[in-house]
Amino acid sequence: MITKINTDNRFFVRGHISRLNSYAGGKAMNIVVAVSQDSDDHDSFINMKCLIPEIIAILRVGMAVEVYGHIGPSCYRDKNGELQYKQNNDLIADTIVFNESKQTTMQREAEEAYK
């Protein structure tokens, strides 16, 4: 099997998940990843969409992740069922790699529960 990858339409983001918003019955999610800047004191916040239900169930705020994806058109279906395109594009996550162990994630969630 030959797999072709379009390297002209790819992005890579490494940071911590700062916000999650699930919609479409849990089939899609908006993800905001905070990316630290070496030269600045503040983080950059990158908004993207994830359409992988298996990953959506696992994601938690605060997790360290690497996100690989592509840029796609921002579109939706209106009430008549017609496809409507917006003027902007979406970052769509294809692969999310977890940069911390499950134990670290569970420990952080337990500490937040006691606060």
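1. Residue classes are used below as follows: Ala, Val, Leu, Ile, Met, Phe, Trp, Tyr, Cys and Pro count as nonpolar, Asp, Glu, Lys and Arg as charged, and the others, Gly among them, as polar.

2. This is a predicted model, in which local features need pLDDT of at least 70 and side-chain atom pairs count only at pLDDT 80 or more, while totals for chains, interfaces and linings use all residues. Residues are numbered from 1 along each chain as its sequence is written, and side-chain values use heavy atoms, with hydrogens and water left out.

3. The second largest pocket (on a 1 Å grid over the protein atoms alone, an open set of points where a 1.4 Å probe fits, with protein on both sides within 12 Å along at least five of seven lines) holds about 150 Å³. Its lining (residues with an atom within 4 Å of a point) divides into four nonpolar, two polar and four charged residues. Among them are Arg 60, Phe 98 and Glu 109. Helix α2 (residues 102–114) gives the most, with four residues; helices are DSSP runs of H or I, at least four residues, and strands runs of E, at least two.

4. The largest pocket has a volume of about 340 Å³. Of its 17 lining residues, Tyr 23, Asn 30, Lys 49, Ser 74 and Asp 90 are the closest to the centre. Strand β5 gives the most to this lining, with six residues.

5. Strands β2 (residues 28–36) and β3 (residues 43–50) run antiparallel, joined by eight bridges. Strand β3 also pairs (at least two DSSP bridges) with β5 (residues 83–98), in the parallel sense over two bridges. Lys 49 stands opposite Ile 92 in β5.

How values were computed
Grid points are joined across faces, edges and corners, and a volume is the space filled by probe spheres set on the points.
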